[in-house]
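Hi,

Here is the structure I promised to pass on. Have a look at it first, and then read on for what turned up.

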Amino acid sequence: LLIVSIFYDLYSGVGVISVMMYLLIVDVFSQGKSVGKWLIGLQAYVPTRGSVCTFRESIIRNFPLAVGYFLFLIPYIGWLFTLGILTFEGLMMIGNRQGLRIGDEIAGTQVLEQDVLDVGVER
């Protein structure tokens, strides 16, 4: 989200579109690792397929966050909706045994430690 804020502040005219695109496809870069995931050693993974996120799964799993970001642009009412979306996402993570947010549930993805997975390394 720090990267999103920087892009928005630097390019306010084109920033909204570029930030939305970044939010939606962020998990495709570097084999399922956004910058934040890469820094703390996590990776977006599709357990049923045994591989990392594709463009489709990244867009689906990050869509609720992108909607929240878009609504945040609307003063006051949008901020309340964004707070609601983020609260719902957090409650989903707390209430789910695997720690999945709603985007993960819909996309069939899970964020796991990359050292455990070793996905993307051809053997």
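Two residues count as being in contact when they have heavy atoms within 4.5 Å of each other. On that basis, among contacts between residues at least 6 apart in sequence, 56% join residues at least 24 apart. Before going further, please keep in mind that this is a predicted model.

First, the overall layout. The protein has 123 residues, and 37% of them count as buried. Its secondary structure comes to seven helices and three strands. Reading from the N terminus, the order is α-α-α-β-β-α-α-α-β-α.

Now for the helix pair. Helix α4 covers residues 55-72 and helix α5 covers residues 77-95; their axes come within 7 Å and cross at roughly 160°. Angles over 145 degrees count as roughly antiparallel, so that is the label for α4 relative to α5. The crossing of α4 past α5 is left-handed. On the α4 side, the contact is made by Pro 64, Leu 65, Val 67, Gly 68, Leu 71 and Phe 72. Facing them from α5 are Gly 78, Trp 79, Phe 81, Thr 82, Ile 85, Leu 86 and Glu 89. By character, the residues of this contact split into nine nonpolar, three polar and one charged.

Trp 79 may be worth a click while you are there. This residue sits in helix α5, and with a relative accessibility of 38% it counts as partly exposed. If you set aside the neighbours within four places in sequence, Trp 79 is in contact with Leu 71, Phe 72 and Ile 74. From Trp 79 to Gly 68 the C-alpha to C-alpha distance is 8.4 Å, with their positions 11 residues apart in sequence.

Then the charges. There are five salt bridges in the structure, and Arg 61 is where I would start. What does Arg 61 pair with at 2.5 Å, N to O? The partner is Asp 27, side chain to side chain. This pair ties together distant parts of the chain: Arg 61 belongs to helix α4, while Asp 27 lies in the loop between α2 (12-25) and α3 (35-40), 34 residues apart. Both Arg 61 and Asp 27 are buried.

Arg 61 also forms a salt bridge with Asp 104, where the closest N and O atoms are 2.7 Å apart. Here again distant parts of the chain are linked, from Arg 61 in helix α4 to Asp 104 in helix α6 (residues 102-107), 43 residues apart. Asp 104 is buried, as is Arg 61. Through shared partners, salt bridges join Asp 27, Lys 37, Arg 61 and Asp 104 into one network.

Another salt bridge brings the side chains of Glu 57 and Arg 49 together at 2.7 Å, N to O. Are these two buried or exposed? Buried means under 20% relative accessible area, so Glu 57, at 6%, is buried. Arg 49 has a relative accessible area of 42%, and therefore counts as partly exposed.

If you only have a few minutes, I'd look at the α4 and α5 crossing and then at the network that includes Arg 61.

Cheers

Conventions:
Residues are numbered from 1 along each chain as its sequence is written. This is a predicted model: local features need pLDDT of at least 70, side-chain atom pairs count only at pLDDT 80 or more; totals for chains, interfaces and linings use all residues. Side-chain values use heavy atoms; hydrogens and water are left out. Axes are lines fitted to C-alpha atoms, for helices over the stretch in contact, and angles run from 0 to 180 degrees between N-to-C directions. Helices (H or I, at least four residues) and strands (E, at least two) are DSSP runs, numbered from the N terminus. Angles under 35 degrees count as roughly parallel, over 145 as roughly antiparallel, 65 to 115 as roughly perpendicular and the rest as oblique. A crossing is left-handed if the near helix is turned anticlockwise from the far one by less than a right angle, and right-handed if clockwise. Ala, Val, Leu, Ile, Met, Phe, Trp, Tyr, Cys and Pro count as nonpolar, Asp, Glu, Lys and Arg as charged, and the others, Gly among them, as polar. A salt bridge is a side-chain nitrogen of Lys or Arg within 4 Å of a carboxyl oxygen of Asp or Glu. Buried means under 20% relative accessible area, exposed over 50%, partly exposed in between (1.4 Å probe, protein chains only).
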